[in-house]
Amino acid sequence: RITLARQGGKELLVEASAVVREVFELSGKEKGISVAGCKIEDGLFKKSLLCRVIRDDATVFSGSIASIKHFREEVSEVKKGMECGIIVQGFNGFEPGDRIESIIEKDVS
């Protein structure tokens, strides 16, 4: 795990990272939602964790993971080496090569 920041007795840690390989647009009643087709590089991605989207070493969006799909089936987590589709709540601007990092907040004493 990589420590991002420490604030007021809390630590922000990178739990997992994924690289966007392809971007898909949903159709039908979910039209306009982008799905990042990813490969998990490290860690364990879990649904509803905080995340950030990184492009060219800069954070372009911070939010939460809305959905993780593995072979079109909704799953709660995916681990290193697996491929999946990730939807980030409120973000549709994925580009191939983007990195998505899931973040956990931990109390430190």
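Tutor: Two strands pair if DSSP finds at least two bridges between them. Strands are DSSP runs of E, at least two residues, numbered from the N terminus. This is a predicted model, where local features need pLDDT of at least 70, side-chain atom pairs count only at pLDDT 80 or more, and totals for chains, interfaces and linings use all residues. Residues are numbered from 1 along each chain as its sequence is written, and side-chain values use heavy atoms, leaving out hydrogens and water.

Student: Happy to start! Which residue in strand 5 does R55 stand opposite?

Tutor: Strand 4 and strand 5 (residues 58-70) are antiparallel partners over 6 bridges. Their hairpin has 2 residues between the strands, and D56 there takes a positive phi near 50 degrees. Opposite R55, in strand 5, stands A58.

Student: And what is the bridge partner of R52 in strand 9?

Tutor: Strand 9 (residues 99-107) runs antiparallel to strand 4, joined by 5 bridges. In strand 9, R52 is partnered by E101.

Student: Why is strand 4 largely enclosed by the rest of the structure?

Tutor: Buried means under 20% relative accessible area, exposed over 50%, and partly exposed in between (1.4 Å probe, protein chains only). C51, for one, is buried at 2%. Strand 4 covers residues 50-55 and is largely enclosed because the number of its 6 residues that are buried is 5.

Student: How many disulfides does the structure hold?

Tutor: A disulfide is a pair of cysteine sulfur atoms within 2.5 Å. The sulfur of C38 has its closest cysteine sulfur in C84, at 5.4 Å, so that is too far for a bond. C51 is in no disulfide either, with the nearest cysteine sulfur, that of C38, 10 Å away. The number of disulfides in the structure is 0.

Conventions. Helix = DSSP H or I, 4+ residues; strand = E, 2+ residues; numbered from the N terminus.
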